[in-house]
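Student: I'd like to go through this structure label by label. Can you justify each term as we go?

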Amino acid sequence: MDKFRMIFQFFQSNQESFMNGICGIMALASTQMYSAFDFNCPCLPRYNLAYGLGILLVPPFILFLLGFVLNNNISMLAEEWRRPQGQRGKDPAVLRYMFCSMAQRAMIAPAVWVSVTLLDGKCITCAFCTSVPVETLGNASHPRLSQGEIQRVLARIPCKEIYNGQELIANEVAVRYLRCISQALGWCFVLLMTILAFLVRSLRPCFSQAAFLKSRYWSHYIDIERKLFDETCAEHARSFAKVCIQQFFEGMSTDLVAAHCHLPRKAPVDAGEAAEKLLGITDRGTMNMALKSWHRCKPPLHLHPPVIPTGNGWAGEGQPPTHASVPRRETASYYSWV
Amino acid sequence: MDRFRMIFQYFQSSSESVMNGICGLLALASVKMYSSFDFSCPCLPQYNMAYSLGIMFVPPIILFLCGLILNRQSLVMLEEWRRPQGRRKKDLAAIRYMCSSIMQRAMVAPVVWIIVTLLDGKCLICAFSGSMDPEKFVGFANVSPVQVQQLLAKVPCKDDELMGNNTSRKAVSRYLRCWSQALGWSILLILIIAAFLARWLRPCFNQATLLQARHWSNYIDIEQKIFEETCCEHSRLFAHKCILHFFESMRQEIKLHSFSRPREGEGVEGKEDLLWGITDQDQVNKLLKGWYYEKPPLDVSQVTQR
């Protein structure tokens, strides 16, 4: 149980490791998407290139943006970038670090898609089948066909069942050729990405490691501070709601006592605690009135002074109750502006 | 058991994560629904378009409504919007925030359905095969217009004897599928760009107001939950008191009827307290009958403490 809680807390506490998890899931999702997607080459001269390149490039772009959208840090980055300076200076190195780390993670799923697409070969076959070198691979001396006709015939290479240019160039030969080029491109792409990743990881400590450590620390700090602020606000809202509701019920019971002041309450001495727990509501009529009043006339967001030192009206008028864990400066910059 | 409680509490504590979970489940359900649905194009000139556009648009509406129904926050928002002002002003910014977050989450599953439909292609092939230009495809060029419509309408049906192996049918099918997939990917791209811009640009405008709206919408949600919990607690205590009062009055009645029987000493008296003086079958039956025929009034203001 403790171990589980520890793992859970580890993932939650560190946004980066959480993002690593999401990143891995997205990479798997991208391979799954590719295998589930039914590639359907149009086999028409101009459409082939558009379709093939579209399938090669549009989904990676979508996955890249999705990597940003799913990353909670993006709004944190934008917030940190756009906030007024106030009493806390801004460090552009921290912003750059956050952006780079987000971009690196977001690049993984698109790279996986592109590699899988190239290694599979259907995309390149569809896109470049009209550019196959007929002179070297096939029978170029086909006098009856015009250029346009040849293009139309070549465009049907990916569609075996409607291919009618066997005399011009054998379907098998063309497909094999294109596939071979596609796979070579795919492996080169994977090699290039891996070398880049290796260089980035191994060369970084050689340049400004101290500055890097500082940026990393402060970016984690901003993340944790924001989470703690949200948690503290939620805690505060809970306590506020509890006291508000308690005072509502107390108010109701005071009103009742005032209304029925000619009937003394016959509560026995030792029923104090029970009566308190019953919030002064001891019959159906009173409860119905309480429920009706809760809907028709909700209590104001203003806790009475004896219970809470400072009240809090709507729209942030006045100072909200501050907590020791929340830095005063941050509160001032968010609340005192209204 | 502890583990479940912890996970449960984690999800419950943040109603946003509950809603995200529901939203994801609905999206998965929509993909599963589409793959298990047996799309069967009627292959008749007038019916094709109606059937396929129906399949493309009616389930998303259903999924959207499901997304609204399953989201607890929609009720909270409606209640906050429609309640009388009373002593508490209404915060329109919080209501707007809740509304937009509910809408965004409810839109995910319908959008997933539409995109999966477009990427699959069957719907669009069925809808627009009749609107194709027969001149573009060799097999349909020299046929009379009426027959052309019939043949084009049969394009989505692969098992048709007439059109099954026709290469022109396959060409039309491929062409429409290509457009359908291009449309699907384009819509997905536009939506993702919109989501990205929304997330990136939101903190640039009115961040302070947004934080306030978010806080107060969260507050309204929590307050509602705590009110319900308090009412539950109260009704528990109320019921307890009511039943105690009922048993006590039963005991008084029994004492009155059996006042001639001498008391049997302190030790037994202690035991009898737990049994409320009800010690034989007849008395129990009388108690149960009394509970059914004459439930006690909902008023514990005069009850004496035990």
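Tutor: Sure, let's take the labels one at a time, and keep in mind that this is a predicted model.

Student: Start with the fold. What makes chain B a helical chain in your book, helices or strands?

Tutor: The count for chain B is 11 helices and 0 strands. Read from the N terminus, its elements go α-α-α-α-α-α-α-α-α-α-α.

Student: And how many helices and strands does chain A have?

Tutor: Chain A comes out with 14 helices and, again, 0 strands.

Student: How much of each chain counts as buried?

Tutor: In chain B, 39% of the 306 residues count as buried. For chain A, buried residues are 38% of 338. The cut-off behind that word is a relative accessible area under 20%.

Student: What share of the contacts in chain A with a separation of 6 or more comes from residues 24 or more positions apart?

Tutor: That share is 75% in chain A. Chain B has 75% by the corresponding count.

Student: Which stretches of chain A carry the "transmembrane region" label, and how do you know?

Tutor: That one comes from a record: the unreviewed UniProt entry puts the annotation on residues 21-37, 49-70 and 184-203 of chain A. Such annotations may be inferred rather than shown by experiment. What the model adds is the local geometry. Residues 21-37 of chain A are 94% helix and 0% strand, with 24 Å between the end C-alpha atoms. Residues 49-70 of chain A are 95% helix and 0% strand, and there the end C-alpha atoms lie 32 Å apart.

Student: Now the interface. How many residues does each chain bring to the contact?

Tutor: Chain B brings 62 residues and chain A brings 79. Together the two chains bury about 7000 Å², with 71% of that on carbon and sulfur atoms. On the chain B side, Arg174(B), Trp185(B) and Arg199(B) lose the most area to chain A, jointly 11% of what that side buries.

Student: Why is Glu79(B) with Lys298(A) called a salt bridge?

Tutor: The closest N and O atoms of Glu79(B) and Lys298(A) are 3.7 Å apart. The rule asks for a Lys or Arg side-chain nitrogen within 4 Å of an Asp or Glu carboxyl oxygen, so the pair qualifies. The count between chain B and chain A is 4 salt bridges. There are also 12 residue pairs in polar contact across this interface.

Student: Which elements of chain B supply two or more residues to the side touching chain A?

Tutor: Those are helix H1 (2-13), helix H8 (167-201) and helix H9 (207-257) of chain B. H9(B) gives the most, with 21 residues. By residue type, that side of chain B splits into 31 nonpolar, 14 polar and 17 charged.

Student: How many salt bridges are there over all chains?

Tutor: The whole-structure search gives 18. One of the pairs within chain A is Arg176(A) with Glu172(A), at 3.6 Å between the closest N and O atoms.

Student: What places Arg176(A) and Glu172(A) about one helical turn apart?

Tutor: They are 4 residues apart in helix H10 (residues 171-203) of chain A, which means a separation of about one helical turn.

Student: Why is Arg176(A) called exposed, and what is Glu172(A) called?

Tutor: Exposed needs over 50%. Arg176(A) has 59% relative accessibility, so it passes. Glu172(A) has 45%, so it counts as partly exposed.

Student: What about Asp120(A) and Lys122(A)?

Tutor: Their side chains meet in a salt bridge at 3.3 Å, N to O. Asp120(A), at 22% relative accessibility, counts as partly exposed. Lys122(A) is partly exposed too, at 40%.

Student: Buried or exposed: what do you call Arg88(B) and Glu223(B)?

Tutor: Buried is under 20%. Arg88(B) has 2% relative accessibility, so it counts as buried. Glu223(B) also has 2%, so the verdict is buried. Their side chains meet in a salt bridge at 2.8 Å, N to O.

Student: What makes that pair a link between distant parts of the chain?

Tutor: Arg88(B) sits in the loop between helix H4 (72-82) and helix H5 (92-120) of chain B, while Glu223(B) is in helix H9 of chain B, 135 residues apart. Separately, Arg72(B), Asp221(B) and Lys225(B) are joined into one network by salt bridges that share partners.

Conventions. Residues are numbered from 1 along each chain as its sequence is written. Chains are lettered from A and ligands numbered from 1 in the order in which they are written. This is a predicted model: local features need pLDDT of at least 70, side-chain atom pairs count only at pLDDT 80 or more; totals for chains, interfaces and linings use all residues. Side-chain values use heavy atoms; hydrogens and water are left out. Contact means heavy atoms within 4.5 Å. Buried area is the accessible area (1.4 Å probe) that two parts lose on being put together, summed over both. A polar contact is a pair of N or O atoms within 3.5 Å; within protein, one must be able to donate a hydrogen and the other to accept it, and residues adjacent in sequence count only if both atoms are side-chain atoms. Ala, Val, Leu, Ile, Met, Phe, Trp, Tyr, Cys and Pro count as nonpolar, Asp, Glu, Lys and Arg as charged, and the others, Gly among them, as polar. Buried means under 20% relative accessible area, exposed over 50%, partly exposed in between (1.4 Å probe, protein chains only).
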